Amino acid sequence: MKGIEVFDNFLTHDHRRHIFETAQRSLFQIGWDDSPELDKKHQPCLHSRYNLNDLKNIEIWNPLLEIAKKSKFKKSLTLNNLKETVLNLTKPGDINYTHTHYKRVTALYYINPTWDIEWGGETLFFDDQVKNISFVSPFTPNRLIIADGAIPHTIKAQNYGGPAYRFTLTMFFSK
Ligand SMILES: [Fe+2]
């Protein structure tokens, strides 16, 4: 899929566990806006902002650089270009809005260690006019997706059969 790259089996089992445990201990804030539309700001997402120290603790940088070598976005995936890192938390039934990230490349990592496809929790990517879905990624533990932030996308929250908390980590890079 143009502008979307999928890398499975990103981290070792031990490393994944460390990131999952770190995610659960993170301090979350209310107010990550998906959309600039004011009427869509009434249910802001829960998120935790990771600084460089947090990134160092989860040791994700070197594995990401390995992936970057294989990526069409490799010029963007540098520490100099890293603008922010956000741990997103989604609860069953949460509302997420379709959005883009202007002039950004995103690296999205699925943190939860186990996932049943029947729980939902997919990431949807749309065509430019948001009329059709061009790519769907089921929530796939240990998957990293690198994507052009200009592609409209959204999260579908898990259903109530799924876990209480769906964790993803997103790193935003300038293009
Ligand atoms: Fe996004």
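This presentation covers a small sheet, a loop residue beside its neighbours in sequence and space, a second group of paired strands, and the nonpolar core of a predicted model.

Good morning, colleagues. I begin with the open sheet. Three strands form it, in the order 7-6-9, and their pairing is antiparallel. Its edges are strand 7, residues 133–137, and strand 9, residues 153–155, each of which pairs on one side only. From one strand to the next, the twist averages 20°.

Strand 6, residues 123–126, pairs with strand 7 in the antiparallel sense, over four bridges. Within that pairing, Thr-123 has Ser-137 of strand 7 as its bridge partner. Between strand 6 and strand 9, which also run antiparallel, there are three bridges. Here Phe-125 is bridged to His-153 in strand 9.

How do the side chains along strand 6 point? They alternate. Thr-123 and Phe-125 point to one face and are buried, whereas Leu-124 and Phe-126 point to the other face and are not buried. This follows the general pattern, in which the side chains of a regular strand alternate between the two faces of the sheet.

The hairpin of strand 6 and strand 7 has six residues between the strands. Among the residues of this hairpin, Val-130 takes a positive phi near 55°.

I turn next to Gly-120. This glycine is located in the loop between strand 5, residues 104–110, and strand 6. Is Gly-120 buried or partly exposed? Gly-120 counts as partly exposed because 19 C-beta neighbours lie inside 10 Å, while a buried residue needs 20 or more. Its C-alpha is 9.7 Å from that of Ile-155, although the two residues are 35 apart in sequence. Which residues does Gly-120 contact once neighbours within four places in sequence are left aside? They are Lys-156, Ala-157, Gln-158, Asn-159 and Gly-162.

The next topic is strand 4, which spans residues 82–90 and includes Val-86. Strand 4 pairs with strand 3, residues 45–50, in the antiparallel sense over five bridges. In that pairing, His-47 has Asn-88 of strand 4 as its bridge partner. Strand 4 also pairs with strand 10, residues 166–174, in the antiparallel sense, here over eight bridges. The bridge partner of Val-86 in strand 10 is Thr-170.

Why does Val-86 count as partly exposed? The reason is that 18 other C-beta atoms lie within 10 Å of its own, and burial would require 20 or more. The C-alpha atoms of Val-86 and Gly-31 are separated by 12 Å, with their positions 55 residues apart along the chain.

Finally, I come to the largest nonpolar core, which has 26 residues. The members that touch the most other members are Leu-87, Ala-107, Leu-108, Tyr-109, Ile-111, Leu-144 and Ile-146. Two or more residues each come from helix 1 (13–25), strand 4, strand 5, strand 8 (144–148) and strand 10. Strand 5 gives the most, with five residues.

Leu-108, one of those well-connected members, serves as a closing example. Neighbours within four places in sequence aside, Leu-108 is in contact with Leu-144, Ile-145, Ala-147, Thr-168 and Thr-170. Thr-170 has already appeared as the bridge partner of Val-86. Thank you for your attention.

Definitions and conventions:
Residues are numbered from 1 along each chain as its sequence is written. This is a predicted model: local features need pLDDT of at least 70, side-chain atom pairs count only at pLDDT 80 or more; totals for chains, interfaces and linings use all residues. Two strands pair if DSSP finds at least two bridges between them. Axes are lines fitted to C-alpha atoms, for helices over the stretch in contact, and angles run from 0 to 180 degrees between N-to-C directions. A residue is buried if 20 or more other C-beta atoms lie within 10 Å of its own, exposed if 12 or fewer, and partly exposed in between; C-beta atoms are placed from the backbone. Two residues are in contact if their C-beta atoms, placed from the backbone, lie within 7 Å. A nonpolar core is a set of buried Ala, Val, Leu, Ile, Met, Phe, Trp, Tyr and Cys residues joined through C-beta atoms within 7 Å.
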